[in-house]
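Me: Could you take a close look at one part of this structure for me and walk me through how it fits with what surrounds it? I'd like one connected account rather than a list.

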Amino acid sequence: MQLRFIGAMLIAAAVAAGGCRKAPPAAKKTVITFWQPFAGDVKEAMEKLRVEFERTHPGIELNMSYAANNLNASQKLFLAIAGGAPPDVTMVDGQQLAEWAARGALTDITDYVNTSGLTGNDFWLPRWKESMFAGRVYALPWGADPNFALLWSKKAFREAGLDPDRPPTTIQELDEYSRKLTKFDNRGRLIQLGIVPWEWLGDNSMFTWGYAFGGDFYEPPPPGSKTLIGKVTANHPKNVEALKWIASYSRNYDVRKIRALQTSVFGMATNNPFFVGIEAMRLFHVTELKWLHMYAPTLEYGVGVIPAPPDGEHPTGWIGGWSMAVPRGAKASAEAFEFIRWMCTSDEGTIALGKAMNQFPAYKKSPFFDTVKDDPDLKVFYEILKNSKHVRTLMPVQGYLMELLKRGVNKVLYEDADPQQVLDEITVQTQKRLEHVLRRVELQMAADGRIGEAR
Amino acid sequence: MRQDNRWPIGIAFCLPLIVGLASLTIYPIIASLYYSLTDYPIFGRPVWLGLANYRELVTDPRVWLSLWNTAYFAIFAVPLGMFCGLMLALLLNLKVKGLAFYRTMFFLPSIVPLIAACALWGQILSPQRGLLNEFLRFMGLPEAWVPGWLAHELWAKPALVVMSLWGCGGGMVLYLAALQDVPQELYESASLDGATAWHRLWHITLPMISPVLLFTLVMGLIGTMQYFAQAYVLTSGTGDPNDATLFYALNLFNTAFAEYRLGYASAMAWLMFVVIFVATLGVMKLSNRYVYYHS
């Protein structure tokens, strides 16, 4: 009797579970699932884009959901791919692309791109290069944000006896300005800093200043080469010079005291150290301008390019940004690619990126750029974008290099380690990891009969 | 109905638990043992490596650094937490007025959501304007001696220990329950024999509640070995400053889900298992000498 009772319960449970399923939509539409990593007002803008896309594409239903995505937290996507249930389209940070493609996490969309008539000339070149791996296209670039511009507080400049309309242009000037802009209180505590060369992320700073000093991090194999493996050059003499310079700020002002001052404010958007007046100069990402206008509307500031040594790169910059790709295991479909193409090249998609996310489109012909030319702040960023030759690196071990650079910069700042030795070690370790990863890819390509196709 | 007919029903009712345990606990444990012997970059098949991951473990300075950070934390946080919890429990056991109120107040921090607690303590520990340092300055501590807490590599772990003490109310509740179980006649006869308060604490109270002390010690040890969330939230998973808060579980997590070296991370997990196992075994062995089970 009890068994029958249990059976009845199981049936009831099955009926209840079945009843939860949604009724199928009346009209037959292709459903595309899309994972995006944005929250807050950017998510609202994405929602508007979704409505607009569905309005202009009546046959497609866009199913959009959130998935965290940064170098340390793409678990949801990766586990979905490994588990065989990925979304049709995903956002991917440009610097992750080679890594994800090499791991086999993405689907090759070269044929779709060729059919659409889009070429590398339609996009800012560094971002286009960042969409490719081993000669194939794995994504379209959506955003292209120039890193970075130098912002300075005119009030702090005046108080320090500096010309508020003249930013430092060389490293020597930057050091001199920093010295004048650094203030202590009567207890000997730091209360204002000139500039913090490592900011919060030692890893990004190494790229920023390394390129500014004229350095480089990776030499890809020459075109036509049989191998995919290039040469890691993280210990480029100019990078070493840059790191020595970064270290001089810890020696002069003590990284711990600087950190103590930085952590005295909470929340990067509302209490950015520049907004609250504890950093007189700071490198800014274009997206941060919005917070500046929102949270520090009365702050008098100037926007300029990053100072560089006389034999360095001036103006300097590297480009980052989001791309859109099809995860492995999802069937690359015409509809999914149409969504990617629409987001990355249509007026609506690219203008929304510019207006709602305060980033620049990777698509050069976007009408958004017409609105930028007259904006006193954005036009400086636009100049930096036009002149930028770099992305971080095109290596499939970029995340690893970033991590090692972060540790390395920390070691130099906290332990006074020798920059040359630190960067030498990073170079050896990264090269080793790079070869390990790419040998696997080369073996796979040979097995697929694609040998020699690379580049 | 006869007794012996009922086992299928028992099994049926236990089935959700059995299935859950087998598929979500036992299978992953066995699978991780296999993965720990492979190179498994999440996509594609794991490649057999034999003991290479374990050999790398032995020479990986970051593994040892994170083990040291974790041991440091455990050595200070567990005994201090037990001590504070016990002190509070002893005070509250003095039949103070408003016992329920105090008990609730001291217990409350241990149920504050973790992220909120971290946000709060991030500000309390702020070196320049935080509540704690302002208090130290008010007490007349010279500026050079005021700790840098999470901004300074030597103070970051003590900062987390201080923060963990805030949650000692969890242990306090257990101690308080145990204290109220100690038979009053023991204290009375000891008093008649002229035992001082200290004697009563040392010779009656502590032995009588020693099983609970052992329990909190073991649980505390296991908990601190797996210490992760606070460090992850307060440093955004970086282990800053300069790896001072790179705890073992954080290192393991980053290896698995930032570097996607699942094979190596599995090997790290097994090392952690061995360390916890040995530590617990050591505590249990010692406890034979000190723990008194009066039932």
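Reply: Strands β6 (residues 139–141) and β16 of chain A run antiparallel and are joined by 3 bridges. Within that pairing, A:Pro141 sits opposite A:Ser323 of β16(A). Keep in mind that this is a predicted model.

On another pairing of β16(A), you find strand β3 (residues 89–93) of chain A, again antiparallel, with 4 bridges between the two. Here A:Met91 faces A:Met324 of β16(A) as its opposite number.

So much for the partners; now for the faces of the strand. What covers or leaves open the two sides of β16 (residues 322–325) of chain A? Both are covered: A:Trp322 and A:Met324 are buried on one side, and A:Ser323 and A:Ala325 are buried on the other.

Zooming out a step, β16(A) belongs to an open sheet of 5 strands, ordered β2-β1-β3-β16-β6 in chain A, with mixed pairing. The edges are β2 (60–66) and β6 of chain A, each of which pairs on one side only. On average, neighbouring strands here are turned by 25 degrees against each other, direction ignored. The parallel part of the mix includes β1 (residues 30–36) and β2(A), which share 7 bridges; A:Thr33 has A:Asn63 in β2(A) as its bridge partner. Across β1 and β2 of chain A lies helix α2 (residues 40–56), and its direction makes an angle of about 165 degrees with β2(A).

Back to A:Met324, since this residue ties the strand to something bigger. The largest nonpolar core has 178 residues, and A:Met324 is among those touching the most other members, along with A:Tyr138, A:Ala149, A:Phe339 and A:Ile340. The element giving the most to this core is helix α3 (residues 61–92) of chain B, with 9 residues. Chain A's domain 1 (28–146 + 319–372) and domain 2 (149–316 + 412–433) both contribute residues, so the core lies between them. As a general point, nonpolar side chains tend to be buried together in soluble globular proteins.

A:Phe339, another of those well-connected core members, gives a handy view of who touches whom. Skipping its neighbours within four places in sequence, A:Phe339 is in contact with A:Ile32, A:Phe34, A:Phe53, A:Leu62 and A:Val89.

How do the two domains of chain A sit relative to each other? Their centres, taken over C-alpha atoms, are 30 Å apart. The contact between them draws on 7 residues of domain 1 and 6 residues of domain 2. On the domain 1 side, those break down into 4 nonpolar, 2 polar and 1 charged residues.

Since chain B turned up in the core, a few words on that neighbour too. In the contact between the chains, 26 residues of chain B meet 24 residues of chain A. On chain B's side, α1 (7–35), α5 (114–124) and α12 (248–257) each supply at least two residues. By class, that side has 12 nonpolar, 10 polar and 4 charged residues. As for chain B itself, it has 13 helices and 2 strands, and 32% of its 295 residues count as buried. Its C-alpha atoms fill a box of roughly 75 × 75 × 35 Å along the principal axes. Of the contacts in chain B with a separation of 6 or more, 70% come from residues 24 or more positions apart.

Note on methods. Residues are numbered from 1 along each chain as its sequence is written. Chains are lettered from A and ligands numbered from 1 in the order in which they are written. This is a predicted model: local features need pLDDT of at least 70, side-chain atom pairs count only at pLDDT 80 or more; totals for chains, interfaces and linings use all residues. A residue is buried if 20 or more other C-beta atoms lie within 10 Å of its own, exposed if 12 or fewer, and partly exposed in between; C-beta atoms are placed from the backbone. Two strands pair if DSSP finds at least two bridges between them. Axes are lines fitted to C-alpha atoms, for helices over the stretch in contact, and angles run from 0 to 180 degrees between N-to-C directions. Two residues are in contact if their C-beta atoms, placed from the backbone, lie within 7 Å. A nonpolar core is a set of buried Ala, Val, Leu, Ile, Met, Phe, Trp, Tyr and Cys residues joined through C-beta atoms within 7 Å. Domain bounds come from an automatic or database domain assignment. Ala, Val, Leu, Ile, Met, Phe, Trp, Tyr, Cys and Pro count as nonpolar, Asp, Glu, Lys and Arg as charged, and the others, Gly among them, as polar.
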